[in-house]
Amino acid sequence: MPATAEEAVSTKYEPVIGLEVHVQLLTQTKAFCGCSTKFGSAPNTNVCPVCLGLPGALPVLNQKAVEFAVLASLALNCRVNETSIFARKNYFYPDLPKGYQISQFDKPLAEHGYIDVTTAERGKKRIGITRLHMEEDAGKSLHEGFRDSNEKSYIDLNRSGVPLIEIVSEPDIRTPDEAFEYLTRLKEIILYTAVSDCNMEEGSLRCDANVSIRLRGAEKFGTKAEVKNVNSFRYIKAALEYEIERQTDLLESGGKVVQETRLYNSAEGKTYSMRSKEQAHDYRYFPEPDLLPLVVNAQMLAKIKETLPELPEARRERMVKEYGITAQDAGVLTITRALADQFEEAAKHAKSAKRVANLVQGELMARLKVAGKTIEESPVSMKGVATSADLLESGALSSKMLKDLYDLCFARGKDFPAVYAEEGSPVQSTDTSAIEKAIDEAMSENPKQLEQYRGGKLTVKAFFTGQVMKKLKGQGNPALINEWLEKKLGG
């Protein structure tokens with residue numbers, strides 16, 4: 001952002017950002033029919049009269065979709081309304097077969113939630129959630145991949161009718177960093193509930209951003225632009241940064257911001273006008289006559305609440321207290337529910353939970369990153385990490401030995417206990433006579449370095465440590481080697 005625009009934003013103007021997040025629910029069948037929701041099927045194969053919008057076809061609400069939507073609402077601190085109403089959201093688009101989308105309008109499933117976020121510049125802040133409502137997805141227009149894609153678009157209706165929840169934030173977000181953090185926390189919470197896989201590449205999670213600029217301190221919002229079709233959180237942050245700059249420059253030059261929908265071009269790092277939008281809501285909503293009001297009574301709500309897992313923030317706080325690890329450790333180890341579950345299982349059976357945490361973040365995660373693998377694909381299980389942590393804690397293994405064994409685990413695709421057994425269960429040597437002999441040999445073989453050390457160049461000690469460890473094939477106890485080196489070198 002140019003210095004002039006940046007200064008204007010920080011002193012004269014204030015961005016106002018609201019996010020609309022669509023999340024596909026992980027049901028096996030669609031929202032109002034029995035068609036499969038499987039991604040990647042041949043185009044227009046997971047369809048029926050209901051999701052094709054054929055005359056006379058009637059929708060039947062998917063109970064599992066309701067349970068997932070309620071669970072997500074509870075996880076996001078929303079108030080679940082006992083009665084909500086489905087509506088027909090009317091608009092024309094080629095991939096909308098009925099000419100309307102079954103959604104919820106004035107009486108949504110849930111309201112008044114929040115997510116707490118933390119950013120470096122503003123600290124902890126609560127972002128409100130206006131509403132969470134249920135709806136069905138539209139189909140998909142295909143603009144490439146065919147011989148005549150330069151002339152025609154194709155329609156795949158497999159996605160039509162897949163159950164969604166739309167999560168609408170309050171306009172509480174003031175910076176692109178806050179937006180990024182909000183989306184990160186939202187995705188994390190949804191993944192913990194397992195109601196969606198949140199796969200942005202497959203369209204399971206999509207986000208539209210509304211952004212406007214107003215004079216700092218003003219109560220009235222400025223004219224907003226909606227940015228659509230952004231397929232990663234990083235790009236959403238970049239799109240917001242560009243849009244804030246564009247609107248600021250426009251106002252500073254005497255222009256007016258037009259209410260419109262814009263698309264973000266990630267290759268150019270710019271947004272472009274897609275269509276004007278005269279009204280905030282340019283759809284006509286009517287109550288859906290083929291669906292009864294959705295009632296979530298107290299008994300149903302209590303039953304779903306019992307399935308609510310411990311959520312990331314609460315889990316991090318508990319793990320810090322229970323295992324004596326740092327907040328940073330807990331942050332890394334709770335990135336996914338599976339990783340947190342596996343860590344806790346290992347930590348409970350290890351001599352030192354802190355040692356397990358260090359090995360996961362150091363030895364394990366570093367190798368997974370190089371190998372391009374996820375924690376689920378790791379050859380070393382959490383039980384394997386716990387085993388290696390105990391061996392290191394007891395002094396049976398040196399750090400060097402452990403690193404070598406981890407390398408072998410990844411090379412062979414085997415867990416730590418198996419590789420440890422294959423290597424003959426090596427143990428760090430505490431044989432003082434062997435250590436003393438190795439030191440004597442190193443000293444006699446390197447008289448020049450010995451003279452340097454005794455002449456006051458104490459850093460040469462590290463050279464002798466390496467020589468001794470080499471003679472002991474990496475299996476010497478570092479503490480004992482250091483103790484005996486001080487005795488011998490000083491002689």
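In which strand is His112 found? In this predicted model, His112 belongs to strand E6, which covers residues 110-119, and the phi of His112 is near 60°, a positive value in a residue other than glycine. Most residues other than glycine have a negative phi. A positive phi, likewise near 60°, is also found at Asn44, again a residue other than glycine. Asn44 is placed in the loop between strand E1 (13-24) and helix H2 (63-75), and Asn44 counts as partly exposed because its relative accessibility is 36%, a value between the limits of 20% and 50%.

Helix H11 was examined next. This helix takes in residues 399-412, and its 14 residues, at 1.5 Å a residue, should span 20 Å; the C-alpha atoms at its two ends are 20 Å apart, so the expected and the computed values agree. The buried residues of H11 are Met401, Leu402, Leu405, Tyr406, Cys409 and Phe410. For one of these, Cys409, the relative accessible area is 0%, which is why Cys409 is classed as buried. The cover over the buried residues of H11 includes helix H9 (353-371), helix H10 (382-394) and helix H12 (416-422). After H11 comes Gly413, a residue whose phi is positive and near 70°.

Helix H9, which is part of that cover, contains Val356. The relative accessibility of Val356 is 0%, and Val356 is therefore counted as buried. When neighbours within four places in sequence are left aside, the residues in contact with Val356 are Phe343, Ala346, Ala350, Val385, Ala386 and Ala389. Between the C-alpha atoms of Val356 and Tyr192 there is a separation of 22 Å, and these two residues stand 164 residues apart along the chain.

Cysteine pairing was then considered for the whole structure, and the search finds zero disulfides. Cys207, for example, takes part in no disulfide, since a disulfide requires two cysteine sulfur atoms within 2.5 Å, whereas the nearest cysteine sulfur to that of Cys207, belonging to Cys198, is 12 Å away. Cys207 is nevertheless classed as buried, because its relative accessibility is 3% and the limit for a buried residue is under 20%.

The final part of the analysis concerns empty space. Rolling a probe the size of a water molecule over the atoms shows where such space is left. A search of the whole structure finds one cavity of 30 Å³ or more, and the largest cavity holds about 30 Å³ of space. The residues that line the largest cavity are Leu96, Pro97, Lys98, Tyr100, Gln101, Glu136, Asp137, Ala138 and Ser160. Sorted by class, this lining is made up of four nonpolar, two polar and three charged residues.

Among the pockets, the second largest has a volume of about 510 Å³. Its lining consists of 16 residues, of which Lys187, Glu188, Leu191, Ile335 and Thr336 are the closest to the centre of the pocket. Two or more lining residues are given by helix H3 (176-193) and by helix H8 (337-349), and the largest share, six residues, comes from H3. In terms of class, the lining of the second largest pocket divides into seven nonpolar, three polar and six charged residues.

Definitions and conventions. Residues numbered from 1 in each chain as written. Predicted model: local features only at pLDDT ≥ 70, side-chain atom pairs only at ≥ 80, totals over all residues. Heavy atoms only, no water. 1 Å grid on protein atoms, 1.4 Å probe; cavity = no way out; pocket = protein on both sides within 12 Å on 5 of 7 lines; lining within 4 Å. Points joined across faces, edges and corners; volume = space filled by probe spheres on them. Nonpolar A, V, L, I, M, F, W, Y, C, P; charged D, E, K, R; others polar. Buried < 20%, exposed > 50% of the residue type's maximum accessible area, 1.4 Å probe, protein only. Helix = DSSP H or I, 4+ residues; strand = E, 2+ residues; numbered from the N terminus. Expected span 1.5 Å × (residues − 1). Contact = heavy atoms within 4.5 Å.
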